[in-house]
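Please look over the sequence and the model before reading on. The text then goes from the chain as a whole to single pairs of side chains.

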Amino acid sequence: MRQSTGESGSYPSGYSVSMTKMQIRFSLEAPLSEAQLARASDVPKTYGILRVIPADSPAGLTVEYDASRVSLEEVESALRLAGIAIAK
């Protein structure tokens, strides 16, 4: 199950930047281990991914990303590379 929201952003100095900020919640195949949590904290180093937030439920994860810079498929790929299995 995935849920998403979006918003635009700009700098107050008058310099406009196009950003489509999305937030999506992923259901995971299993709760995250300590090692997976540590690797998940590195996922925002991927271009366009802003934050990874463990959900209240043990098998959930929320990711904030800039959809104008990275696709949903690339977000999912970054999670898989971190060893995090997303439920289908």
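What follows describes the overall make-up of the chain and then its salt bridges.

The model is predicted. The protein chain contains two helices and four strands. Read from the N terminus, these elements follow the order β-β-α-β-β-α. Two of the strands return below: β3 covers residues 49-54, and β4 covers residues 60-66.

The chain has 88 residues, of which 31% count as buried. About 5500 Å² of the protein chain is exposed, and 52% of this area comes from carbon and sulfur atoms. As for contacts, consider those between residues at least 6 apart in sequence: 54% of them join residues that are at least 24 apart.

The rest concerns charged side chains. How many salt bridges does a search of the whole structure find? The search gives four.

One of these pairs Arg-51 with Glu-64, whose closest N and O atoms lie 2.9 Å apart. This pair links distant parts of the chain, since Arg-51 belongs to strand β3 and Glu-64 to strand β4, with their positions 13 residues apart in sequence. Are the two partners buried or exposed, taking Glu-64 to begin with? Glu-64 has a relative accessible area of 8% and is therefore buried, the cut-off for that class being under 20%. Arg-51 has a relative accessible area of 43%, so this residue is classed as partly exposed.

Another salt bridge joins the side chains of Arg-69 and Asp-66, at 3.6 Å from N to O. Asp-66 counts as buried because its relative accessibility is 4%. Arg-69, with a relative accessible area of 36%, is partly exposed. Salt bridges with shared partners also tie Lys-21, Arg-51 and Glu-64 into one network.

Asp-42 and Lys-45 form a further salt bridge, and their closest N and O atoms are 3.2 Å apart. Which classes do these two residues fall into? Asp-42 is partly exposed, at a relative accessible area of 39%. Lys-45 reaches 68% and is therefore exposed, as that class begins over 50%.

To review the acidic partners, Glu-64 and Asp-66 are buried, whereas Asp-42 is partly exposed. On the basic side, Arg-51 and Arg-69 are partly exposed, and Lys-45 is exposed.

Terms used: Residues are numbered from 1 along each chain as its sequence is written. This is a predicted model: local features need pLDDT of at least 70, side-chain atom pairs count only at pLDDT 80 or more; totals for chains, interfaces and linings use all residues. Side-chain values use heavy atoms; hydrogens and water are left out. Buried means under 20% relative accessible area, exposed over 50%, partly exposed in between (1.4 Å probe, protein chains only). Contact means heavy atoms within 4.5 Å. Accessible areas come from the Shrake-Rupley method with a 1.4 Å probe; for residues, only the protein chains shown count as cover.
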